[in-house]
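Visitor: I should like to go through this structure with you and hear the grounds for each description. May we begin once it is on display?

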Amino acid sequence: MRFLIAGAGPAGSLLACYLAARGHRVDVFERRPDPRGGDDAEGRSINLGLSARGVLALEHAGLMDRVRPLTVPMRGRVVHAAGRTSFHPYGTHDEEILHSVLRRDLVTLLIDHAHGLGARFHFGRRVTDLDRQAPALQVEGEWIHGDAVVGADGAFSTVRAHLHRGLRADHHQEFLPWGYKELTMIANAGFRLEALHVWPGGDGLIVAHPNRDTSLTATLFLPYDELEAITDPEAFFAERFPDALPLLPDLAKEFAANPVGHLVSVRTTPWHHENKVVLIGDACHAVYPFYGQGMNAALEDCLLLDARLDSFAAFESARRPHTDVLDELSRENFVELRQRVASPLHAARKRADLLLARLLPGRWRPLYTMISHTTTPYADALARARKQEAILRWGAAAVTAGLGLAALTKLAGRNTGHAHRSR
């Protein structure tokens, strides 16, 4: 078969590896320049947090051993709050970690591997239309026919727009009223590099991923109006994130030069047309980045689709309920990162979750562990976490009731003794 893929990001490039390894003809069309050209030709430098789902998808392609040297392990989260730092491990075992990797490094490796398997990449070629019945892609005025088309062209997918044209399609796209700017941090002495660093704030947030050169890529998230109102970034950081300011040597220059990024979520249906067109990744389930699962879910799509190439409908019906749940989880984790990670009560709750996981191995799993360190389907993980939460609440209520009963019994005993003495 001949597959036409729109988009050479992580999902499109990994799927090209899978399909080419099966002997299919693969052509990938990407509007951006070839990222292998250097000087950030791809136009994006954002860091990605690779977790268990993405790792498994890369292992299935035989690539994880080549990807791992490009990553920095993140063994937990360092929270910077009120001038103090605290470390929160991601899991109960050494292998329960995340891997920070530059998007361009990952995509370049995937493209090279797919190309070596015979896939052809066409850079600087914009997809402008889709004939879902043929199937065919129009690439800058030229119609190119294949046996199947894959839309891996991101949250603003051209393939999706034309796939839905004339159909009773549902599409929900939502922009978070926050934007972001990427900035470069330079670690100082004693700074813990093997961790994700978070500066929480109810109306502001910094998340920083480590790089192999000991720098960090920091992302400042703020409501748009606040972000656009900053005229003196150094004064802003001195007031809002004072302990982050010494780590940002090029703050003024980078703040002026780097664009404001947008955060969008997408839920849509259908993802497919017969067995001729199918969507993967952000094209059908873009999520906010606060659970670190956007890329991992997209890579997992490739693994699942590779097993369902005979039925795009079966792929969608099995997958979509879980990515809808991921959208909910990503929204909830945005609140956690901004407002809860610095709370002692929240930290105690997380420690209790990890303690129960150690005491009850295999029987108790924190939600974060299931999402980031296993390949448990998202909806199944949330359902199990809710059951565990109910058990925990019931246990807390039972303990409280027991303590209350003990106190009443003790008080009654005192009153009885006092009555006897009074006689």
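Visitor: Which residue in S19 does Gly-151 stand opposite?

Guide: Gly-151 stands opposite Leu-279 in S19. This is a predicted model, and the residues belong to strand S12 (residues 148–151) and strand S19 (residues 277–279).

Visitor: What makes S12 and S19 a pair, and in which sense do they run?

Guide: Two strands pair if at least two bridges are found between them. S12 and S19 have three bridges, so the criterion of at least two is met. The sense of the pairing is parallel.

Visitor: In what order do the strands of the open sheet lie?

Guide: The order is S8-S2-S1-S12-S19-S18, six strands with mixed pairing.

Visitor: Why are S8 and S18 called edge strands?

Guide: Strand S8 (120–123) and strand S18 (272–273) each pair on one side only.

Visitor: How much confidence does the predictor place in the chain?

Guide: The mean pLDDT is 89, and 88% of the residues reach 70 or more. Over residues 40–44, however, the pLDDT is below 50; this stretch has 15 contacts in the model beyond near neighbours in sequence.

Visitor: How do you know that the length of helix H1 agrees with expectation?

Guide: H1 covers residues 10–21, twelve residues. At 1.5 Å a residue the expected span is 16 Å, and the end C-alpha atoms are 17 Å apart, so the two values agree.

Visitor: Why is H1 described as largely enclosed?

Guide: Eleven of its twelve residues are buried, and therefore the rest of the structure largely encloses H1. Among the buried residues are Pro-10, Leu-14, Cys-17, Tyr-18 and Ala-20.

Visitor: Which strands does H1 lie across?

Guide: H1 lies across strand S1 (2–6), strand S2 (25–30), S8 and S12, and runs at about 170° to S1. Just after H1, Gly-23 takes a positive phi of about 95°.

Visitor: What follows helix H2, and which residues of H2 are buried?

Guide: In H2 (residues 52–60), Arg-53, Gly-54, Val-55, Ala-57 and Leu-58 are buried. H2 is followed by Gly-62, whose phi is positive, near 75°.

Visitor: Why does Val-107 count as buried?

Guide: Its relative accessibility is 0%, and buried means under 20%, so Val-107 counts as buried. Val-107 has its place in helix H4 (residues 103–116). Its C-alpha atom is 6.2 Å from that of Gly-9, although the two residues are 98 apart in sequence.

Visitor: What makes strand S15 mostly covered?

Guide: Six of the six residues of S15 (residues 205–210) are buried. Leu-205, Val-207 and His-209 point one way, while Ile-206, Ala-208 and Pro-210 point the other way, and all are buried. In a regular strand, side chains alternate between the two faces of the sheet.

Visitor: How do you know that S15 pairs with both S14 and S16?

Guide: The requirement is at least two bridges. Strand S14 (residues 196–199) is joined to S15 by three bridges, and strand S16 (residues 215–223) pairs with S15 over six bridges, so both pairs satisfy the requirement. Both pairings are antiparallel. Val-198 has Val-207 as its bridge partner in S15, and His-209 has Thr-217 as its partner in S16.

Visitor: How many residues connect the strands in the two hairpins?

Guide: Five residues join S14 to S15, and four lie between S15 and S16. In the turn between S15 and S16, Thr-214 has a positive phi of about 75°.

Key:
Residues numbered from 1 in each chain as written. Predicted model: local features only at pLDDT ≥ 70, side-chain atom pairs only at ≥ 80, totals over all residues. Heavy atoms only, no water. Expected span 1.5 Å × (residues − 1). Buried < 20%, exposed > 50% of the residue type's maximum accessible area, 1.4 Å probe, protein only. pLDDT = per-residue confidence, 0-100. Contact = heavy atoms within 4.5 Å. Axes fitted to C-alpha atoms, helices over the stretch in contact; angles between N-to-C directions.
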